[in-house]
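Biologist: Before we begin, may I ask you to show the structure and to explain the terms used for it, one at a time?

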Amino acid sequence: MTIAEVSRKYDISIDTLRYYERIGLLPPVTRDKSGFRDFTEVDCNWVEFIKCMRNANISIEALTEYVALLQEGESTHDARKALLEEQLAALDERIAEMQAGRERLAWKVAHYEDKMKETERNLL
């Protein structure tokens, strides 16, 4: 499968696929005799895995570390799980920060007429 076909199939830009390969997130893709990437089923499985992990808000840095551990084998099982637990805790923290921000904004909307307009006047 060509890089353009993989890009369309998984809705990932060609540049992103190249970037993933360059940083080692995606193992090196075999090339045809003309030097073009020729994605195999296993390569596509990697692309799907990476997309799934990114959609779970795993950072590129953590995912790169995770993939390196995965490629080392089963002995890294506990380290991979710990890495995912760290990412979950970081995501929970970001969600809490966003919820707090949402609550502040909701208050500002609810009190726009009596508080926000006064604050805005003091800015001019």
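Modeller: Read along the sequence, the pattern is α-α-α-α-α-α, with 6 helices and 0 strands in the protein. Please note that this is a predicted model.

Biologist: How do you know that the protein differs from a compact globule of 124 residues?

Modeller: A compact globule of 124 residues would have a radius of gyration near 14 Å, whereas the protein has 22 Å. The C-alpha trace spans about 70 × 35 × 20 Å along its principal axes.

Biologist: What share of the residues is buried?

Modeller: Buried residues make up 27% of the 124 residues. The protein exposes about 8900 Å², of which carbon and sulfur atoms supply 54%.

Biologist: What makes the span of helix H5 close to the expected one?

Modeller: Helix H5 covers residues 77–110, which is 34 residues. The expected span at 1.5 Å a residue is 50 Å, and the helix reaches 49 Å from its first C-alpha to its last.

Biologist: Which residues of H5 are buried, and what covers them?

Modeller: Arg80, Leu83, Gln87 and Leu91 are buried in H5. The cover of the buried residues of H5 includes helix H4, residues 60–72. An α-helix has 3.6 residues a turn, so residues three or four places apart point the same way.

Biologist: Why is arginine 94 called partly exposed?

Modeller: Arginine 94 has a place in helix H5. Its relative accessibility is 36%. Partly exposed lies between the limits of 20% and 50%, so arginine 94 counts as partly exposed.

Biologist: How far apart are arginine 94 and glutamate 48?

Modeller: Arginine 94 and glutamate 48 are 46 residues apart in sequence, and 25 Å apart in space from C-alpha to C-alpha.

Biologist: Why is aspartate 11 called exposed?

Modeller: Aspartate 11 is in the loop between helix H1 (3–10) and helix H2 (14–22). Exposed means over 50%, and the relative accessibility of aspartate 11 is 67%, so the residue counts as exposed.

Biologist: What is notable about phi of aspartate 11?

Modeller: Phi of aspartate 11 is near 55°, a positive value in a residue other than glycine. Most residues other than glycine have a negative phi.

Biologist: Where does asparagine 57 lie, and why is this residue called partly exposed?

Modeller: Asparagine 57 lies in the loop between helix H3 (41–55) and H4. Its relative accessible area is 40%, a value between the limits of 20% and 50%, so asparagine 57 is partly exposed. Phi of asparagine 57 is near 65°, again a positive value in a residue other than glycine.

Terms used
Residues numbered from 1 in each chain as written. Predicted model: local features only at pLDDT ≥ 70, side-chain atom pairs only at ≥ 80, totals over all residues. Heavy atoms only, no water. Helix = DSSP H or I, 4+ residues; strand = E, 2+ residues; numbered from the N terminus. Rg over C-alpha atoms; globule rule 2.2 N^0.38 Å. Buried < 20%, exposed > 50% of the residue type's maximum accessible area, 1.4 Å probe, protein only. Areas by Shrake-Rupley, 256 points an atom, 1.4 Å probe, with all protein chains shown as cover. Expected span 1.5 Å × (residues − 1). Contact = heavy atoms within 4.5 Å.
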